[in-house]
Amino acid sequence: DNKKRIEEEQKQRINEAKNIASLYPNGYKKFFPDTNINYIDYRKANEIISYKSEIVASHNFIQRINNAVSGWGDVKGIPYYYFYHYYPTRFTDVTSASREVRGLIYNFKDGTSHSQVLSIIKQKLNATFTGRDLSNLCFVCIPASTKHKNSMRYESFSRQLCSELDMYNGYDHIRVVEDKTSVREGGTFVSGELYDIDNYFFNGKYVILFDDVVTRGRSMQVFKQLLEAKGATIVCALSIGRTYSDYYGEHREPHPWSGEY
């Protein structure tokens, strides 16, 4: 009878652990990524149950942030939001508003107009995530083409944004080790060989990727892969502008919001 009672108690503990794993799969995967729910033994069941509060909190957090960006657009499979359409300089038949946006982006690239970009990004992030959830997110700028440009463009900008929103700042944990040729007219392709990425900082982090301009999204895709290899989860991506004309060549369509070019 005593043996049966012990076996029954163990079975109940295993079922309780399986129930936690079933009800809170996102949190369970975070803490027990290598434990198949169908192969939970008594020892592992006790460990899972001891982590229940952390598993539930993590699951709910992941659910909230995924829901928060569920209505966004998409770039290379990443939830994505941009503030303005961007027309490269080869297009001269654009509105004054489009030229202002172009100037804003170029000034940002040159290390100025940070305050205006900070303002719109803070407003968007505060409208999307709760303050509690922002404090658990990490902001990562896709590095510029050279060490100097990267520092000029992103160092103080990223530090100020993360300080004001109480976010993790990924800037100091990605180092440009090889300069590349920039292409102002349509973005640059990045390679993991150009960067030294912290092996530990990004493990377990939930990341928001940021770039000044996105054209086809290849840099976002590469950095998603690079950071996921370090243990990060990519939540979403942001950019000031998205290159609009390149998708249409000489058959451009009007700006979908204003009806103008």
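**Rings and cysteines in a predicted model**

Lysine 124 lies over the face of tyrosine 81, at 3.9 Å from the ring centre. This model is predicted.

Student: What is the mean pLDDT of the chain?
Tutor: pLDDT is the predictor's confidence in each residue. In this chain, 88% of residues reach 70 or more. The mean pLDDT is 88.

Student: Over which residues does pLDDT stay under 50?
Tutor: Where pLDDT is low, predicted coordinates should not be read in detail. The model does have 21 contacts beyond four places in sequence for this stretch. Its pLDDT is under 50 throughout. The stretch is residues 183-189.

Student: How many aromatic pairs does a search of the whole structure find?
Tutor: Rings of Phe, Tyr and Trp pair if their centres lie within 6.5 Å. The search covers the whole structure, and the count is 17.

Student: What kind of aromatic pair do tyrosine 81 and phenylalanine 83 form?
Tutor: Their ring centres are 5.1 Å apart. Their planes meet at 80°. Planes over 60 degrees apart count in one class. The pair is edge-to-face.

Student: Is tyrosine 81 buried or partly exposed?
Tutor: Buried means under 20% relative accessible area. Phenylalanine 83 has 12%, so phenylalanine 83 is buried. Tyrosine 81 has 27%, so tyrosine 81 is partly exposed.

Student: Why is the pair of phenylalanine 157 and phenylalanine 210 tilted?
Tutor: The ring centres are 5.5 Å apart. Planes under 30 degrees apart count as stacked, and over 60 as edge-to-face. The rest count as tilted. Here the pair is tilted because the planes are at 35°.

Student: How many residues apart in sequence are the parts that this pair ties together?
Tutor: Phenylalanine 157 lies in helix H8, residues 147-165. Phenylalanine 210 lies in strand E7, residues 206-214. So the parts are 53 residues apart in sequence.

Student: Is phenylalanine 210 buried or exposed?
Tutor: The cut-off for buried is under 20% relative accessible area. Phenylalanine 157 has 1% and is buried. Phenylalanine 210 has 0%, so phenylalanine 210 is buried.

Student: Which residues form one aromatic cluster?
Tutor: Phe157 and Phe210 are among them. The full cluster is Phe108, Phe139, Tyr154, Phe157 and Phe210.

Student: Which ring has lysine 205 over its face?
Tutor: Lysine 205 is 4.3 Å from the ring centre. The ring belongs to phenylalanine 201.

Student: How far is the sulfur of cysteine 141 from the closest cysteine sulfur?
Tutor: A disulfide needs sulfur atoms within 2.5 Å. The search of the whole structure finds 0 disulfides. For cysteine 141, the closest sulfur is in cysteine 162, too far for a bond. The distance is 7.5 Å.

Key: Residues numbered from 1 in each chain as written. Predicted model: local features only at pLDDT ≥ 70, side-chain atom pairs only at ≥ 80, totals over all residues. Heavy atoms only, no water. pLDDT = per-residue confidence, 0-100. Contact = heavy atoms within 4.5 Å. Phe/Tyr/Trp six-rings, centres within 6.5 Å; stacked < 30°, edge-to-face > 60°. Buried < 20%, exposed > 50% of the residue type's maximum accessible area, 1.4 Å probe, protein only. Helix = DSSP H or I, 4+ residues; strand = E, 2+ residues; numbered from the N terminus. Lys NZ or Arg CZ within 6 Å of the ring centre and 35° of its normal.
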